[in-house]
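Thank you for letting me take a few minutes of the meeting. Please keep the sequence and the structure in view while I talk, since I will move from one residue to the next and you may want to find each of them for yourself.

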Amino acid sequence: MLKGIDSASVAGNKKADWVKARAANGFAFAILRASYAHQNYGIRPDPDFARHYAAAKAAGYVVGAYCFWRVDFDPKKQAEVFVKSVKAVGFGRGDLIAWNDLEFGSKGRKGYGYSVVDAMGRYALCSQEISLGLGLPRT
């Protein structure tokens, strides 16, 4: 079984030691937050994504990236910010596939007024835009 780790620019991850984490835990891959939507900050690139990406690659990890996706934000804009973030670091061949981390925020799906069908439609739109932006097959 392969073991991996996910990471984002949050308080405890500002000084991640990728070499030490790999040696201590046998991690083979890292999934890194490239962008996120936040109720107070809007849709943004993760400020430490490029640094974590370079450090994880240098430490020998196979790296993937994710969009911390929220139902209550524009799906196309979330895809746009994600694609820009991963392209900026040269994300592509040899990396793990990009993916969305589906989040509903503090109110939950119903609290934002979305049915399951509506929420999944918005999620699918973001995923398709990411695929198109990265030149991946549509899913």
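**A contact beside helix α2**

The side chains of D48 and R51 are joined by a polar contact of 3.2 Å. Before I go further with that pair, I should say that what you are looking at is a predicted model, with a pLDDT that averages 88 over the chain, and with 95% of the residues scoring at least 70. Among the elements of the chain, the highest mean pLDDT, 97, belongs to helix α3, residues 75-88, while the lowest, 75, belongs to helix α4, residues 108-111.

Now back to D48, which sits in the loop between strand β3, residues 42-45, and helix α2, residues 49-58. The contact with R51 also counts as a salt bridge, in which the closest N and O atoms are 3.2 Å apart. Is D48 buried or exposed? D48 counts as buried, because its relative accessibility is 11% and the cut-off for buried is under 20%. R51, on the other side of the bridge, has a relative accessibility of 41% and therefore counts as partly exposed. If you look for K15, you will find that it is 33 residues from D48 in sequence, and that the two C-alpha atoms are 9.9 Å apart in space.

**The other salt bridges**

How many salt bridges are there in the model? The count comes to 5, and I would like to show you two besides the one we have just seen. One of them joins the side chains of D72 and R70, with 2.8 Å from N to O. Here R70 is buried, with a relative accessible area of 5%, whereas D72, with 24%, is partly exposed.

Another salt bridge is formed by the side chains of E80 and K77, at 3.4 Å from N to O. Where these two lie along the chain is worth a careful look, because E80 and K77 are 3 residues apart in helix α3, which means that about one helical turn separates them. K77 counts as partly exposed, because its relative accessibility is 36%. From K77 to V89 there are 12 residues along the chain, and their C-alpha atoms are separated by 19 Å. From E80, we can also look across to N100, which is 20 residues away in sequence and 13 Å away in space, C-alpha to C-alpha. N100 belongs to strand β5, residues 99-103, and this residue is buried, with a relative accessible area of 6%.

**Two cysteines without a bond**

Let me turn to the cysteines. The count of disulfides comes to 0, and C67 is in no disulfide, the nearest cysteine sulfur being that of C126, 4.6 Å away. Why is there no bond for C126? The closest cysteine sulfur to that of C126 is the one in C67, and it is too far for a bond at 4.6 Å, because a disulfide needs the two sulfur atoms to be within 2.5 Å. Both residues are buried, C67 with a relative accessible area of 1% and C126 with 0%.

**One face of helix α5**

C126 brings us to helix α5, where the buried residues are A119, C126, S127, I130, S131 and L134. Seen down the axis of α5, the buried residues fall within an arc of 140°, so they line one face of the helix. We can also check the length of this helix with a little arithmetic: α5 has 19 residues, 116-134, which at 1.5 Å a residue should span 27 Å, and the distance between its end C-alpha atoms, 27 Å, agrees with that.

**The two ends of helix α1**

I will finish with helix α1, residues 18-25, and with what is found at each of its ends. The N-terminal end is capped by D17, which has a side-chain oxygen 3.3 Å from the backbone nitrogen of V19. After α1 comes G26, a residue with a positive phi, near 70°.

Conventions. Residues numbered from 1 in each chain as written. Predicted model: local features only at pLDDT ≥ 70, side-chain atom pairs only at ≥ 80, totals over all residues. Heavy atoms only, no water. Buried < 20%, exposed > 50% of the residue type's maximum accessible area, 1.4 Å probe, protein only. Helix = DSSP H or I, 4+ residues; strand = E, 2+ residues; numbered from the N terminus. Polar contact = N/O pair within 3.5 Å; in protein donor to acceptor, adjacent residues only side chain to side chain. pLDDT = per-residue confidence, 0-100. Salt bridge = Lys/Arg side-chain N within 4 Å of Asp/Glu carboxyl O. Expected span 1.5 Å × (residues − 1). Arc of directions from axis to C-beta.
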